[in-house]
Amino acid sequence: MTESNIVMETIDLTRDFGGKVVLEDVSLTVGPGEILALLGPNGVGKSTLLKLISGMLMPSRGEARLWGESSWPPSAEMYRVACVLDGMSPPYGTRVSEIMSLKSCVSHRFDWKLATSLCEQHQISTASRWQTLSKGQKRWTLLVAALASGADLLVLDEPADGLDVATRRELYGLLREQSNDRGVTSIVASHIIADVERVADDVVILANGRVRLHSPLEQLRDEVFEVELPIETDHSVITPMAEVIFSRRANDALIAVIRFRSLHLAEQEFPGEISRHRVSLEDLYLAYRQPQQPPAQAEQQGLANERSH
Amino acid sequence: MYEIFFLAAVVILPIYLTAKAWRWSTSTSRINGKTPWSVRVVEASTLAILTSAMVIHVASGGIGMVTTPLHDFVIRERVVVCGILIALAACWILLGLWKSISLAAVGMIVSLPIATIFISSALSYESERFKKEILKIPVPIEFTIREEIDDIDVTINGVRMGKAPLHTTIEELEAKAPPVTVPKDEYSKGWKNFGNSTYLPRAKTRLDRADKVGFRSHEEKSEPMELYVQLERRGQLVMISGSMGHSGPSRMFGNIQPATIPLSVITEEWHRDTTTLMEKARLADYKIDADWISAADTYFHFVRNALIAAIPKEPQFRQVLIDWAKSRYHLDQVTDADSAWYALEAIQAQVDKKGAYQTNSLTGDAVEYLVERLDSDRAIAMAKTKLKRLSTISVAGFGYGWGSELGKPCFSTSFQTPQTDRKPSDFVLAHVIWQLDQKWDAQSNDHDNPVEREIVPELIRLSYLDPQATKLAVILGGSTLNEFNRRQQRLVYSFKENSDPTKNEYLEGQYISRDFWQSLNAVGPAGANFRKEHSYQALELAEQLLNKSFSLTSLPNWTEFLFLEVEGREPLARDFWKTFRDKVEADRSHSPWRLSVLWSYLARIRPMPPASEFVAAFPKKSPSYGDFNNPEQTISLLPVDLRLQVTQGCIAEAAKGKSILQPNSEPYGAFNQIEYQLIRHIPTIPSDAAADVAMQYLETTNPKSTEFSRQLKDQGTYGQLTSHMVARLATTSNPEHRSWVIPQIRILPSSTNRETLVRLLKDEDPSVRESAEKVAAELEELRRLPYPKLK
Amino acid sequence: MHIQWPLFFWIFRSLSLLTLISSSLATAYVLLHDNPLEFFLDVNAVVFVISHSFLISLLLGRVRSESFAFLYSQGFSRDLLWRHVWLATLTSVLATWVPCAVLILTPLRSQFQDWMQNPWFPLMAPAESRFLTRSLLFYGMLLPIFHYEWIRSSMPFRGRVSGHLLVIDYFVCGLFLTERLWYFGTDLARTSMFLGFITISAILGLFGYWLHKRLEVGA
């Protein structure tokens, strides 16, 4: 990815609160039109990362860059970013139309037609006051404002929180549509992995404040498998070909979630291989959440590979 | 209010900090980033500025130190105190820069009470040292000549010290001119009276040595120093006024005040020359020329004082003063409003240069002359502009000083201490404004004049911050003031002390409501109405004040409101008269002034009480000779047309008193003396009727007529006869009586008197003729005599 | 300066109730107060200006609130936001004092007091314009330091309380010195003190602007 092609980049981004490190050395890049899914357990630093990217917080070390300019202190380019972040909501008594008006001040590309139609589809009147809306409607209103703003980068923290299945699908459909039509980049943090799996181009999994995985989703589908091997199989047999993400012994077999080091290696079979099948993103996410086996050496090797990847 | 803020800060701060500390200790949201240098520097700068303010506060004196001047030894200590405070503050600032701004800020706040305690301790220490060190500073002493005559040598205790004005120190005097013992009557030998004052060849004064430090009730006493002062001018002895006043030296609160001894001087020659100048003015029928003026300029103070003293009896001298002032300030060149304005500006410039202005001066006379010719609009506009710039009249000073009597401005001032925005020339302008108002009021009082329209509102505005301005507004009057008073008075209910101490007036040892007091003393219809509505309270207040009056040697100033107009009825003085008289009569300690106080009171009442009321105040039961110690002064309190009636009434009362007493009893003697004094006084009353009565006394065979005739003769010798008496005596059939007026003509050679002299030159009696010829020759010689000048 | 009205109304919304109350109070006070208005002698006016300035900056400085974070997450530049914060501040001050100025200068207040038979009116009416200029000057001195106080307390580095403490220092020192210097001090000392406090306000005002660019929201 060339520098001019980078929409968002973080370089060794670190942030601590009162001595407690929440994010450490996070280095990521996102290109134009990409949809990046940010996955990770609660408290792992997803929201903090999004706030750092959108210029709400100051990095303790490192920096986040948007279109090549540091997001701290917030640059003049911030009008190209639309955020829906957790813990940020309009004050009591605000009308929906005021939220839209406020957003329209930021960008002259604000699409009033789109905003009105998206609100009407969900029975949200622009005259409604904030406190009269349901949780889902509130979330949808903020998403509509972001989607209609004409922003080049959408930073969404749990956008589907409170939305029903149909609305979630509609949301992700719109994200994909904007990505395809206008090259809008989206960074989405979510716990509903099945949803993001449909639209995400890249996936980042955070664990303990660090990036455990950053990879294009397509590549993961081709390279990550769950294999069943004879129980006596040693990890040293696997590691030259693949990274062991998670392994367990069940009955008389060793079941491992592995990621092949390259696509052509995935075509080869391990000695005595009993079975092999693809894993969903959800399974992969869970695999990354499991305690690491085999020992640390292999894990570090795997992580190192992942970074270089 | 400030205390509440201060306490709030002191109490709330620790609670707030404790709460914050607890919250932080339990919070995980605290960010552990280092404070950027820029923030530290800015916040430390803020603390530095606040600290500087504190240090300036200390350097300029802190609490209570501000009134003390910065002597060298004080400066040293102040530098140390400031140094310690700066070091303390620097610690906090450095702490803020390197470690924690919050800690430094708390340190600063905590430092405030510490600094206060520190300053107080330093102050105590300083005052202790002050008491010792201040005594080491020599106290200056100045001998100046009031009449501003140069080349006068000053000899003190027999040692020639130098020329006046002599500036030395008490210490130097003690060393160079140690005290000498002079026999008690030695220094008063050769005394003489010039005018009303006694002059001595060598004067004595006692001077405190200024050992009273007056700092924190500390006092040390020492023997006063005796000084014998002798003056000479070009080898000729100069006499010094016997009543030699001086301002004693002082070290009060560290302010070294020099002892100033202004000496009033005269020689027989100077007195003679002054008298000659006065006589020549009379001879010229009070029309002075340039030669007279140039001679009078050399004897400036002597001639001016003589003129001022003569004006009450010879009002023509007023014109002499004006002519002199015109010449001195080149007012002859004043032809129009513009030139008058230039002349006024020139006077203002001179006054500023001199640093003092008095209405009662030749300059004041010049200003009064100019008032008639000035562009009044311009003067009012300028005064208005100046007033608008002031926030207080007494401190910033438009320039009115106040005499003892309420309602009468006294424009005298001298500027010993430089005031920031107070210039003597403002006094000149104030004088002009006052004169303009007087002039317009005299013309017509029906409508507001420009002063009342333009200046009075400004003064009332000023009076919100400075009540002094109200007093001045009252002098000028006008409908704005009346309306202001009317409305103000609606809000006034009682004279009782106001809870707000700034709204009280201190009178006769008690506080009363200033609003009430001002309303009570307000002139015009509003004041008249207020006195009617509040007459009961006003009389109650008057009684309280009277009971607390310490001395009743004259009519107290506060009685003014009793004589002011009351709507639809007589002044309150009428209702209060009995109470007042009882109190004065009961006060035995002031018996010599009883009658003058009572008559002063009656003479102020309008309409004027009849003569019988004045006579009724005569002490019938317990007469005191003191009441008529100075009959001329006592009777001069009365209006001229009542004087004879009252005098005769009192003579009759005295005779009646005598008739029922034993001739050798004490009251009889007192009545007898009073009767004599009253009769003696009759010729001094300036009326034809009094002259007729005096002539009757002279011509009857009254046992006391011998004394009476001697008295009349003396009055002639000293030029004290009234013009009415001169006319009577000059035409009497008794040649001896005719001869009494001749010395008077010599002393007062006015045109009328000179006509009398011409008649007496043809008198049938040779001795009268001879005396008249002698005087005529003297007057002719006087006419030919050149104007004497001080060399 | 280009004004984004929706943004202005959004920010001013938090001051609307305060402005309504302050405006009503000030107007009633100016109309009904029977003594001539003289700012530094009128404790009520001084306390009012201090309270009003403090509440404005408090309401506009609730950095940790969700609504504040929402506004700051909408993509406005910090400069634009800062300008609009000051515009809202100015609006609140003017909305409070313009009616008072109208009352004083027209001079309705004077006529009303005159009608009420107040002795000081209409004489004092011309002198009262000073009341307006002095109170606005006082706002000018206080608002920068109060705004700074709340921004400083939200900055992501140590010593969050130092903003509050500096303001307390400012007031304690101010009162401590005013009480003495104002009445007993020399002109030099008084002028220095006044200039010192003006300088502090100017420095903290400018630095508040600098810090605002680095203000963390939604932390």
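Visitor: Over which ring does the charged end of A:Arg80 sit?

Guide: A charge counts as sitting over a ring if NZ of Lys or CZ of Arg is within 6 Å of the ring centre and within 35 degrees of the ring normal. In this model, the charged end of A:Arg80 sits over the ring of A:Trp67, 4.0 Å from the ring centre. In chain C, C:Arg13 lies over the face of C:Trp10, at 5.5 Å from the centre of the ring.

Visitor: On what basis should such features be read?

Guide: This is a predicted model, in which local features need pLDDT of at least 70 and side-chain atom pairs count only at pLDDT 80 or more, while totals for chains, interfaces and linings use all residues. Side-chain values use heavy atoms, with hydrogens and water left out; residues are numbered from 1 along each chain as its sequence is written, and chains are lettered from A and ligands numbered from 1 in the order in which they are written.

Visitor: How many aromatic pairs are there over all chains?

Guide: Rings of Phe, Tyr and Trp (its six-membered ring) pair if their centres lie within 6.5 Å; planes under 30 degrees apart count as stacked, over 60 as edge-to-face and the rest as tilted. The count over all chains comes to 40 aromatic pairs. One of them is stacked: B:Phe580 and B:Tyr601 have ring centres 4.3 Å apart and planes at 20°. Helices (H or I, at least four residues) and strands (E, at least two) are DSSP runs, numbered from the N terminus. B:Phe580 lies in helix α22 (residues 572–586) of chain B and B:Tyr601 in helix α23 (residues 591–604) of chain B, so the pair ties together parts that are 21 residues apart in sequence.

Visitor: Are B:Phe580 and B:Tyr601 buried or exposed?

Guide: Buried means under 20% relative accessible area, exposed over 50%, and partly exposed in between (1.4 Å probe, protein chains only). B:Phe580 and B:Tyr601 are both buried.

Visitor: Why is the pair of C:Trp97 and C:Phe131 classed as tilted?

Guide: Their ring centres are 5.8 Å apart and their planes stand at 55°, so the pair is tilted. It links distant parts of the chain, with C:Trp97 in helix α4 (residues 78–105) of chain C and C:Phe131 in helix α6 (residues 129–152) of chain C, 34 residues apart. C:Trp97 and C:Phe131 are both buried. Elsewhere, ring pairs link C:Phe54, C:Phe146, C:Trp150, C:Tyr170, C:Phe171 and C:Phe197 into a cluster.

Visitor: In what order do the three strands of the open sheet in chain B stand?

Guide: Two strands pair if DSSP finds at least two bridges between them. The order is β4-β1-β10 (chain B), with mixed pairing. Strands β4 (166–169) and β10 (259–263) of chain B stand at the edges with a single partner strand each, so one side of each is left without a neighbour in the sheet. Strand β1 (residues 140–145) of chain B runs antiparallel to β4(B), joined by four bridges. The bridge partner of B:Phe143 in β4(B) is B:Leu166.

Visitor: How many helices and strands does chain C have?

Guide: Chain C has eight helices and zero strands. Its C-alpha atoms fill a box of roughly 60 × 45 × 25 Å along the principal axes, and buried residues make up 58% of its 219 residues. Chain A has 10 helices and 14 strands; of its 309 residues, 56% count as buried.
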